[in-house]
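Reader: I have a model open and a list of terms I half understand. Could you take me through how each label is earned?

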Amino acid sequence: MQFLRLAGLAAVLVVALLFAVFVGDQGPWYFAWVIGTVMIILISGAGAILFDAQETASDDQEV
Amino acid sequence: MDMIDPTVVELSRFQFALTALYHFMFVPLTLGLTFMLAAMETVYVVTGRKIYKDMAMFWGKLFGINFALGVATGITMEFEFGTNWSMYSRYFGDMFGTPLAIEGLMAFFMESTFVGMMFFGWDRLSKPAHLAITYLVALGSNLSALWILIANASMNVPEGTHFDPETMRLQFDSFVKVVFNPDAQAKFVHTSVAGYVCASLFVMGISSFYLLRKQHRQFAARSFRMAALFGIISTVAVITLGDVLGRMDYEKQPTKIAAIEGLWETSQPPYAPWLLFALPDNEKQTNYLEIGVPYVLTPLITHEFDKPITGMHELQNEAEPHIRSGIEALSALKRYGQTHDQTDLDAFRQHKEDLGFGFLATQFAPGQDVTNISPDEVNKVVEATKPAILPNVFVVFWSFRLMVFLGLSFFLLFAVSAYLSLKKQLERNRWILHLCMWSIPLPVLATEFGWITAEAGRQPWTVFNRLPTFLSSSTHSVTYMAISLAGFALLYSIFIAAELYLMFKFARLGPDEHDTHGTSALSHNAAAPAAH
């Protein structure tokens, strides 16, 4: 089972690399959009988790 | 051929502009809010805190209202190409229809299918499965925009096409060229991230409303934080891609960039000023009351200090040989249609690149026919056609400036909002909450100005340098156009009113009213992990 999971993840990695090489070459702005959107989501999510951490660390009720 | 009534063309243009601008009041929010829902739900799946699920559900409900009305206003536009722009559809249908068909079959069906699962699957799907569905909705809505913008880019910078004298149409050469058209790439990213900005300010504005009223504070503060960070990066991306599009227009659509900058004479680098204010006059071909910032225009447009930017007077003169060549092309094409003689075909091929200019000149020829006129009349037609290669400079100049001014002000707004949110000082700076709340419609307005810049700047062409707008419309009567225009205006105004009513209603009700899944975590200390 673990081997299948590893093989599956390896396949995803290969597809991602091929996608990055092809789209990065043919359509750099499309590639930038994919990477940029993921980054925006991650930073936005990190902001929310930081908010929770700030709430936990402080008694201050101000938001 | 029937004579074309310019009033019908203008009414068709006005109707399309009206329906497109109405439709685009809904689109950006859909593009951005879907990915923001995905971000909220990702935090829910990672942390297990129920408040993030409540956030995804509440903002998802507002997204649903917007999505339904966006679809209703968008479908009519596809039919409009056939009803009001039948000449365009026949001439350019191969190029334009393909991406639109893919949009319908792939992106829209994908989005529509998964949106139902997103709304009704909360209790039926596992957390990761529902998250995957939300991402697919976001991807589907943005892929939908992608194919529409590929179609639009093929009108602005036609690539992967050629004119076939046998079918009298522009035909497909290369699908890859159409999909990877640089204009399509930049325009898609610019439009998509502009949607992220709209969604960010929408969430921040409504969250501000709650914070000002001290309602749903934990919910609103988290929503505000996520949206502010979402917005600040998106605004940087919008500005970056706007710069890319400007440089692309400089190379591919010089009349558009000259109109955007109100540049009648070719610029003198590096001094050339960037005009902050001017009143361009198309009739007199000059600007009044110019106020500019010197040394800014050249590096802004060309990214260099010594490249001139061709002004509109020079562009008109440069167009003259193309207009003459286009008249030759059109005459040879007409002869070839009657004789099918190789000599006529060769004559056409010699001038085929300028065929569009020949089409443009027809509106100034006696009987709207340039193929059978004397050399004197040709000279008159050429002189009349030269100024017609320019768009409405006043409209393009000001819509661009309003868009840029709003875009830069959003950057400041997001920067200050993100800073105050990260410092947890929002409630002691109520002015920023008021500002965010009243700014909700501004990004939508900015995207509308962006579309006016792009599309009015493309005039007088529907397909740049290939097919003039004048020859693209259907041959309806003025009465038919006036009645259908009034009908559309009325119907779409009702849609807008319905959207505003529902949005205000559900935003005022707030997330507590929305929560139908047991006790809400929102009115308590939601930082505590919920058991859900």
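Author: Gladly! Let's start with how elements are named: helices are DSSP runs of H or I with at least four residues, strands are runs of E with at least two, and both are numbered from the N terminus. By that naming, B:Pro460 sits in the loop between α17 (442–456) and β5 (461–463) of chain B. Do keep in mind that this is a predicted model.

Reader: What makes the peptide bond from B:Gln459 to B:Pro460 cis?

Author: Its omega is near 15°. Another cis bond joins B:Pro269 and B:Pro270, where omega is about 0°. B:Pro270 belongs to the loop between α9 (254–260) and β3 (274–281) of chain B. These are worth pointing out because most peptide bonds are trans.

Reader: Why is B:Met168 called exposed?

Author: A residue is exposed if 12 or fewer other C-beta atoms lie within 10 Å of its own. B:Met168 has 11 such neighbours, so it counts as exposed. You will find B:Met168 in the loop between β1 (161–164) and β2 (169–172) of chain B, and its phi is near 60°, a positive value in a residue other than glycine.

Reader: And why does B:Tyr295 count as partly exposed?

Author: Buried needs 20 or more neighbours and exposed needs 12 or fewer, with partly exposed in between. B:Tyr295 has 15 C-beta neighbours inside 10 Å, so it counts as partly exposed. B:Tyr295 also has a positive phi, about 65°, although it is not a glycine. Its place is the loop between β4 (286–293) and α10 (297–302) of chain B.

Reader: How do you know that chain A is in contact with chain B?

Author: Two residues are in contact if their C-beta atoms lie within 7 Å. Here, 24 residues of chain A are in contact with 29 residues of chain B. Helix α2 (residues 28–57) of chain A gives the largest share of chain A's side, 19 residues. That side divides into 11 nonpolar, 9 polar and 4 charged residues.

Reader: What makes residues 30–51 of chain A a "transmembrane region"?

Author: That name comes from UniProt, in an unreviewed entry. In the model, residues 30–51 of chain A are 100% helix and 0% strand, with end C-alpha atoms 32 Å apart.

Reader: Which residues touch the most other members of the largest nonpolar core?

Author: Of its 158 residues, they are B:Met36, B:Ala39, B:Met40, B:Trp59, B:Ile150 and B:Phe230. Helix α7 (residues 182–212) of chain B supplies the largest share of this core, 18 residues.

Terms used. Residues are numbered from 1 along each chain as its sequence is written. Chains are lettered from A and ligands numbered from 1 in the order in which they are written. This is a predicted model: local features need pLDDT of at least 70, side-chain atom pairs count only at pLDDT 80 or more; totals for chains, interfaces and linings use all residues. A nonpolar core is a set of buried Ala, Val, Leu, Ile, Met, Phe, Trp, Tyr and Cys residues joined through C-beta atoms within 7 Å. Ala, Val, Leu, Ile, Met, Phe, Trp, Tyr, Cys and Pro count as nonpolar, Asp, Glu, Lys and Arg as charged, and the others, Gly among them, as polar. UniProt positions are given in the numbering used here, feature names are shortened, and annotations may be inferred rather than shown by experiment.
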